[in-house]
Amino acid sequence: MYIIGIAGGTGSGKTTVVRKIVESMPDGKVGLIPQDSYYNDNTALTMEERHKINYDHPSAFDWDLLVRHIRELKNGHAVEQPTYSYLECNRLPETIHVEPCEILIIEGIMALYRKELRDLMDLKIFVDADPDERLIRVISRDMVERGRTAEMVMGRYTEVLKPMHMEFIEPTKRYADLIIPQGGNNRKAIELMRSYITHRLHP
């Protein structure tokens, strides 16, 4: 199994990059593990307490479960990936059955943050984007998908997203083997990645 880690700030376009890569590959050859699925289980907390959690801090993730699942997949064992609801701020009862595959992509804002996870990766990518572009994407996404107003999103960006990005996400660039500027709009970089992965599948 060849493992690729793809990190980048919220709204950087990393999900678009991953989607375009996966869509171009044969079915069943490339698997995807979204880091967002591995937020902590907050069942014991009230909704008010859940809303107070800083979801852009490393402590919001269940790193042990994520690393364990990647190791199990690498060793040829299937896993039950958690699912997460942004509206409930918690995991859902349903899981997603993930089988081992030839190429596995781990995608998330802090995919390159933990050494234990990086050590399992064969290729590490950081998707970069201008802060203004990221803010526009975050506003559009959160209003549509997460029921937030523009004022709520901009306040959260200033108070949480931006400082957390500078402290925990931006520094992980130094671990990347490849940095993709302009996010999902960088067609040449995405095409290079497609060619590289295709070569890994059919050397």
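These are my notebook entries on a sheet, the end of one of its strands, and two loop residues.

**Entry 1: the sheet.** I am working with a predicted model, so I keep that in mind throughout. I looked up the strand order first and found an open sheet of five strands, β2-β5-β1-β6-β7, with parallel pairing. Which strands stand at the edges? They are β2 (30-34) and β7 (178-180); each has a single partner strand, so one side of each is left without a neighbour in the sheet. I also noted the twist, which averages 20° from one strand to the next.

**Entry 2: the β6 and β7 pair.** Next I followed β7 to its partner. Strand β6, residues 123-127, pairs with β7 in the parallel sense over three bridges. For V127, I found the bridge partner in β7 to be I180.

**Entry 3: N186.** I then moved on to the loop between β7 and α7 (187-201), where N186 has its place. Is N186 buried or exposed? I read a relative accessible area of 13%, and because the cut-off for buried is under 20%, N186 counts as buried. What does N186 touch, leaving out residues up to four places away in sequence? The answer is I180 and P181, and I180 is the residue I had just met as the bridge partner of V127. With P181 there is a polar detail to log: its backbone oxygen lies 2.8 Å from a polar atom of the N186 side chain.

**Entry 4: C89.** Last, I checked the loop between β3 (79-85) and β4 (90-98), which holds C89. Its phi is near 55°, a positive value in a residue other than glycine. C89 is also buried, at a relative accessible area of 5%.

Terms used. Residues are numbered from 1 along each chain as its sequence is written. This is a predicted model: local features need pLDDT of at least 70, side-chain atom pairs count only at pLDDT 80 or more; totals for chains, interfaces and linings use all residues. Side-chain values use heavy atoms; hydrogens and water are left out. Helices (H or I, at least four residues) and strands (E, at least two) are DSSP runs, numbered from the N terminus. Buried means under 20% relative accessible area, exposed over 50%, partly exposed in between (1.4 Å probe, protein chains only). Two strands pair if DSSP finds at least two bridges between them. Axes are lines fitted to C-alpha atoms, for helices over the stretch in contact, and angles run from 0 to 180 degrees between N-to-C directions. A polar contact is a pair of N or O atoms within 3.5 Å; within protein, one must be able to donate a hydrogen and the other to accept it, and residues adjacent in sequence count only if both atoms are side-chain atoms. Contact means heavy atoms within 4.5 Å.
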